[in-house]
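Biologist: Could you take me on a close look at the ligand site in this model? I would like to know what surrounds the bound molecule.

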Amino acid sequence: MESGSRQVASKWLKQAVISRNSMVAGHIPATVRYSPAALGRMLRSYGSVVAKPIVGTGGAGVIFIGYSGGSYVCRRGTVTTHYASLPPLVRRIDAIRRGRGYMLQRRIQLAQIGGRPIDYRIKTVRRGNGWAVTAMVGRLARPGLMVTNLCQGGTQLSFAQGVRRSLPGQAVRIKRRQCLDLTGASRHQLELAFPGIDQLGFDIGLDRSGRPWILEVNTKPK
Ligand SMILES: Nc1ncnc2c1ncn2[C@@H]1O[C@H](COP(=O)(O)OP(=O)(O)OP(=O)(O)O)[C@@H](O)[C@H]1O
Ligand SMILES: [Mg+2]
C-alpha cells in the first residue's frame with residue numbers, strides 16, 4: 001500500500017457513504033447488518049441473500065443463503081447444506097462468522113457464462129488533481145463456485161468479452177458508460193467522506209437484465 005494512501009476497511013461504512021448519492025443508491029442491493037431476525041426478514045423479502053463479513057476476505061467468508069419450498073439452503077465455497085428451520089441455519093452461520101461482524105445483502109442474479117456468474121472489477125487511482133481508470137475487467141467464477149474472486153480461482157476476462165458473452169445483444173459501450181457513471185459518482189462521495197483516499201476498486205455486477213449493481217468498494221484494491 002503506497003504511503004499516505006488512506007484505507008477504509010468497513011464495507012458497511014463505504015456503502016453508507018456512496019448511497020448518499022441517490023442515483024448510486026438505486027444501484028446498491030438492499031443491505032442490513034446481520035442478525036438472525038434480519039436474516040428471516042430478508043429471506044421473506046428477497047428469497048435469497050448473501051451474508052458477508054463487514055471487513056473483506058477475498059470471497060472466503062461469503063455465504064449464499066436461500067429459502068424455497070419451506071427449507072433453507074446455505075452455500076459457502078463448494079459446500080451446500082440444507083435446513084428445515086432457521087435455528088440450525090443460524091448455528092451454521094455463527095460457526096462461519098466466528099464472532100465477526102457480518103452484513104446481509106439481497107442476492108443479485110448475476111449474468112452468467114456457461115452457468116458461472118461474472119462480475120467486474122473497476123480500478124481507479126488518483127493522478128495529480130484527477131482520477132484515472134486503470135483497470136476494468138471481468139471475473140468469471142471458478143466452476144462450482146458462486147464468488148468470482150480471482151484469488152478463489154476466478155478467470156479474468158476483458159470487460160467487453162464479459163458483457164458480450166454473458167449479455168448477448170447488450171451494447172458494451174452503454175454498459176461501460178453506466179458502470180463508469182456509477183463509479184465516478186461513488187468516488188466523489190468517498191473523497192468527500194474520506195479525504196486522502198487515492199485508489200479504489202469497485203466490484204460491480206450486471207444482473208441478467210443488464211442492470212449494474214455495486215457489490216462493494218475496496219480502498220486497497222489488488
Ligand atoms: N449481493 C450479491 N449478489 C450476488 N453475488 C454477490 C453479492 N455480493 C457478493 N457477491 C459475490 O461474492 C463475491 C465476493 O463478495 P464481495 O466482493 O462483497 O466481498 P469480498 O470480495 O470477500 O471482499 P474483498 O473484495 O474486500 O476481499 C463477489 O465478487 C460476487 O461474486
Ligand atoms: Mg470483492
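Modeller: Happily; here is a walk around the site of ligand 1. Please keep in mind that this is a predicted model. Let's begin with the space itself: ligand 1 takes up the largest pocket. Several strands help to build the shell there, and those that give two or more residues are β2 (48–53), β6 (102–106), β8 (116–127) and β12 (212–218). Of the elements, β12 gives the most, with three residues. Both domains take part as well: domain 1 (11–28 + 109–218) and domain 2 (31–106) each supply at least three residues to the shell.

Now for the residues themselves. There are 25 around ligand 1, and the ones that come nearest are Gly58, Gly59, Asp119, Glu216 and Asn218. Sorted by class, the shell holds nine charged, eight polar and eight nonpolar residues.

You may also enjoy the polar contacts made by side chains. Glu216, already met among the nearest residues, has a side-chain N or O atom 2.4 Å from an oxygen atom of ligand 1. For Asp203, the distance from a side-chain N or O atom to an oxygen atom of the ligand is 2.9 Å. Arg139 places a polar side-chain atom 3.3 Å from an oxygen atom of ligand 1. As for how much of the ligand is covered, on its own ligand 1 has 610 Å² of accessible area, and the protein covers 96% of that.

Methods:
Residues are numbered from 1 along each chain as its sequence is written. Chains are lettered from A and ligands numbered from 1 in the order in which they are written. This is a predicted model: local features need pLDDT of at least 70, side-chain atom pairs count only at pLDDT 80 or more; totals for chains, interfaces and linings use all residues. Side-chain values use heavy atoms; hydrogens and water are left out. A residue is near a molecule or strand if one of its heavy atoms lies within 4 Å of it. A polar contact is a pair of N or O atoms within 3.5 Å; within protein, one must be able to donate a hydrogen and the other to accept it, and residues adjacent in sequence count only if both atoms are side-chain atoms. Accessible areas come from the Shrake-Rupley method with a 1.4 Å probe; for residues, only the protein chains shown count as cover. On a 1 Å grid over the protein atoms alone, a cavity is a set of points where a 1.4 Å probe fits but cannot get out, and a pocket is an open set with protein on both sides within 12 Å along at least five of seven lines; lining residues have an atom within 4 Å of a point. A molecule sits in a cavity or pocket if more than half of its atoms lie within 2 Å of its grid points. Helices (H or I, at least four residues) and strands (E, at least two) are DSSP runs, numbered from the N terminus. Ala, Val, Leu, Ile, Met, Phe, Trp, Tyr, Cys and Pro count as nonpolar, Asp, Glu, Lys and Arg as charged, and the others, Gly among them, as polar. Domain bounds come from an automatic or database domain assignment.
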